[in-house]
Amino acid sequence: EIPPSPPLRVPSSTWVVRNPGPTVQTLVAVAWVSDTEAWAAGTVGAVVRSTDAGSTWKLVAVPSHADWIAVGAAKDGAIWLAGADGSRLRNADGVTWQEVAPPAPERAWGGDGSTFQRGSSGRVLVDRWNRAWLVTNFLERIDGATLAMVGPLPGRADAFAFATETRVFLGGGWFDLRHMPVTTPGAEGMTVEHTGFLRRSDDGGATWLEPRTLFERYVRFVVFAPDGAGTIFGGDASVPETNAPLQTTADGGETWDNAGGWTEASGDPPTGPAGLCVPDERLRRVHCTWDGGRTWFAGPFPGPVPGSESNPDGRDLAVRDLDRALGVGYGGRIYRADGERWVSANDGPTPHLTDLAVAHELAVAVGETSVLLSRDRGETWTEVPVALPPVDEGYEDAFREWAAVAVPDEAHVRLGTKWGNVV
């Protein structure tokens, strides 16, 4: 007869977070309000604010648990929040939130009959005619404390720009079926081609003309100068972190030509917020324009936000100029750009970690971009550089995504990457 096992004894203990942030909810939208103030918002009503250029953040109480997909400031400085379910909040005094009833659209994209659908993110836009817009799955005109519905949008919120007061362009890609102009019925369901597109409206976004398709190229940004010159930007359908000029126009979008590469201006960039910044996280470069795309100034930019490559729609970037950039993502992660690397704003070196090993007092944690070391059983952590062995040209990235760590004793550490490299 097998004797019964003794009762399991669980010691009394308490978990202490060593890299706490203001929220654990996923943040999907982030926006600059000034050189020092920024806001971010996400799921289950999470809203956070920074007043020191993204170094520290505090949770903001709001009267809703909506999944926010857009945050930003209108021309009067009021902060607006837009939820995937149609919730809209406005804060004009920094204290009080006002619920704003969204105007019901006459029609909606999607076949499920819903009025508002979940989007990757949205934004608050103030155009050069000083008009304010809430751009999500729908286009809404902000007029003080009220909203006026223009209509549903068939593309991305960040690839949206006015060429004139009434002509507007919108870009996108196949990743959302409501955006996709080319589909092919197949034996096993619906097949979606890797096609990007550009759509045009001549009545301020109320109705849209047939799309122009770009095979295997996604349109992610659009910008126009006052004289009608414009450029669309995007990249490879399978590489969302890479962006470059795709096509240009000199006549307000009547005709388009293939674009060349970047032409970078020399000298110091203008002061103040840029009109548009296009980040290229793969090449670690960012290009910003202050004159509607006529001239571009460039600077260093960090690689992809940790964790973004697996699902790039799960986070958002806000780039104000060559020196100010923020990224947000899963679990309340917040990053700010510091030259050529991302720095966590969650009170720790980096929050995106994949493995941990301990030997006596020594603890080592690794993630996609960092190796952290603690010599006091995890009380305090510091990021340590790793002197990599020589590698063939073009394979340096293989040593940048740490996936495993082993600590045989307090004098040795073994690191492994998801590509199978061990050092």
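The following exercises concern salt bridges, a strand pairing and confidence in a predicted model.

**Exercise 1.** Determine which parts of the chain the salt bridge between Glu140 and Arg88 ties together, and state whether the two residues are buried or exposed.

*Solution.* The closest N and O atoms of Glu140 and Arg88 are 2.8 Å apart. Glu140 belongs to strand 11 (residues 138-143) and Arg88 to strand 7 (residues 88-91), so the salt bridge ties together parts that lie 52 residues apart in sequence. Both Glu140 and Arg88 are buried.

**Exercise 2.** Classify Arg167, Glu254 and Arg200 as buried, partly exposed or exposed, and locate the salt bridges that Glu254 forms with Arg167 and Arg200.

*Solution.* Buried requires a relative accessible area under 20%, and exposed requires one over 50%. Arg167, at 13%, is therefore buried. Arg200, at 17%, is likewise buried. Glu254, at 47%, is partly exposed. Arg200 lies in strand 17 (residues 195-201), and Glu254 in the loop between strand 21 and strand 22, 54 residues apart. The closest N and O atoms of Arg200 and Glu254 are 3.4 Å apart. For Arg167 and Glu254, the corresponding separation is 2.8 Å. Arg167 sits in the loop between strand 13 (160-162) and strand 14 (168-172), 87 residues from Glu254.

**Exercise 3.** Describe how strand 34 and strand 35 are joined.

*Solution.* Strand 34 (residues 402-409) and strand 35 (residues 412-417) run antiparallel and are joined by five bridges. Two residues separate them in a hairpin. Asp409 stands opposite His412 of strand 35.

**Exercise 4.** State the mean pLDDT of the protein chain and examine residues 108-119.

*Solution.* The mean pLDDT is 82, and 80% of residues reach 70 or more. Over residues 108-119 the pLDDT is below 50, although this stretch has 31 contacts beyond near neighbours in sequence.

Note on methods. Residues are numbered from 1 along each chain as its sequence is written. This is a predicted model: local features need pLDDT of at least 70, side-chain atom pairs count only at pLDDT 80 or more; totals for chains, interfaces and linings use all residues. Side-chain values use heavy atoms; hydrogens and water are left out. Two strands pair if DSSP finds at least two bridges between them. Helices (H or I, at least four residues) and strands (E, at least two) are DSSP runs, numbered from the N terminus. pLDDT is the predictor's confidence in each residue, from 0 to 100. Contact means heavy atoms within 4.5 Å. A salt bridge is a side-chain nitrogen of Lys or Arg within 4 Å of a carboxyl oxygen of Asp or Glu. Buried means under 20% relative accessible area, exposed over 50%, partly exposed in between (1.4 Å probe, protein chains only).
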